[in-house]
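Please look through the sequence and the model shown here, and then follow the explanation step by step. It begins with the overall plan and moves on to single helices and residues.

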Amino acid sequence: VMDCYKYYHHLASSSRGAPCRCFAVHGAGAEEELVPNLINGCEVLLATPSCLLRMLSAGQTSVARIRYVVFDDADILTDQYPIEIKDIMGQLDASMKSSRNRP
């Protein structure tokens, strides 16, 4: 969580007036207060795997809106959240395949 906020503050301060909406969310339902911001969209969303899955299942955001995924400390995440990472990547894969098949 601390790394999440470190990256959040770095991104938010380095945008230098460019339109870069950056939000950081993590556990315990803290994402609910960001729902209006997520509806309006953001360029960067920093979230823990389980938090992202909660937001996806609640319809607060969609994998169709995601362009890039970066897993910081991926080796640790795949050890601690293997099911969540597979679920996220499976949803992203399905979304990308369906968007390629659209006219």
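The paragraphs below go from the whole chain to its core, and then to a few chosen residues.

This is a predicted model, and everything said about it here should be read with that in mind. The protein has five helices and two strands, and if you read along the sequence these elements follow the pattern α-β-α-β-α-α-α. Of the 103 residues in the protein, 25% are buried. The accessible surface comes to about 7,200 Å², and carbon and sulfur atoms account for 55% of it. When contacts with a separation of 6 or more are considered, 47% of them join residues that are 24 or more positions apart.

A good place to start inside the protein is its largest nonpolar core, which is made up of 12 residues, including Phe23, Val25, Leu34, Leu38 and Val63. Which elements give two or more residues to this core? They are strand E1 (22-25), H3 and H5, and H3 gives the most, with five residues. Helix H3 spans residues 49-57, and its buried residues are Pro49, Cys51, Leu52, Leu53, Met55 and Leu56. Among the elements that cover these buried residues are E1, H2, strand E2 (44-47), H4 and H5. After H3 comes Gly59, whose phi is positive, near 75 degrees.

Another residue of the core, Leu38, is found in helix H2, which runs over residues 35-40. Is Leu38 buried or exposed? Its relative accessibility is 3%, and since buried means under 20%, Leu38 counts as buried. If its neighbours within four places in sequence are left aside, Leu38 is in contact with Leu45, Met55, Gln60 and Arg65. One of these partners, Gln60, is 22 residues away from Leu38 in sequence, while the two C-alpha atoms are 6.8 Å apart in space.

Helix H5 deserves a longer look. It covers residues 82-100, 19 residues in total, and reaches 27 Å from its first C-alpha to its last, close to the 27 Å expected at 1.5 Å a residue. The buried residues of H5 are Ile85, Ile88, Leu92 and Ser95. Seen down the axis of H5, these buried residues fall within an arc of 100 degrees, so they line one face of the helix. A general point helps here: an α-helix has 3.6 residues a turn, so residues three or four places apart point the same way. On the other side of H5, Ile83 and Lys86 are exposed. The buried residues of H5, for their part, pack against helix H3 and helix H4, the latter being residues 74-80.

Ile85 shows this packing for a single residue of helix H5. With a relative accessibility of 9%, Ile85 counts as buried. Not counting residues up to four places away in sequence, Ile85 touches Pro49, Phe71, Leu77 and Thr78. Ile85 and Ser50 are separated by 35 residues in sequence, but their C-alpha atoms are 8.8 Å apart in space.

H5 also holds a pair of charged side chains. General chemistry tells us that side chains of opposite charge can pair when their charged atoms come close. The structure holds one salt bridge, in which the side chains of Lys97 and Asp93 meet at 3.1 Å, N to O. Where do these two residues lie? Both are in helix H5, four residues apart, which is about one turn of the helix. Lys97 counts as partly exposed, at 45% relative accessibility, and Asp93 is likewise partly exposed, with a relative accessible area of 33%.

Two further residues bring the surface and the loops into the picture. Gln80 is found in helix H4, and it is exposed, with a relative accessible area of 55%. Gln80 lies 31 residues from Pro49 in sequence, and their C-alpha atoms are 10.0 Å apart in space. Ser62 has its place in the loop between H3 and H4 and is partly exposed, with a relative accessible area of 30%. Between Ser62 and Gln91 there is a separation of 29 residues in sequence, and the distance in space, C-alpha to C-alpha, is 9.5 Å.

Notes: Residues numbered from 1 in each chain as written. Predicted model: local features only at pLDDT ≥ 70, side-chain atom pairs only at ≥ 80, totals over all residues. Heavy atoms only, no water. Expected span 1.5 Å × (residues − 1). Buried < 20%, exposed > 50% of the residue type's maximum accessible area, 1.4 Å probe, protein only. Arc of directions from axis to C-beta. Contact = heavy atoms within 4.5 Å. Areas by Shrake-Rupley, 256 points an atom, 1.4 Å probe, with all protein chains shown as cover. Salt bridge = Lys/Arg side-chain N within 4 Å of Asp/Glu carboxyl O. Core = buried A, V, L, I, M, F, W, Y, C linked by side-chain atoms within 4.5 Å.
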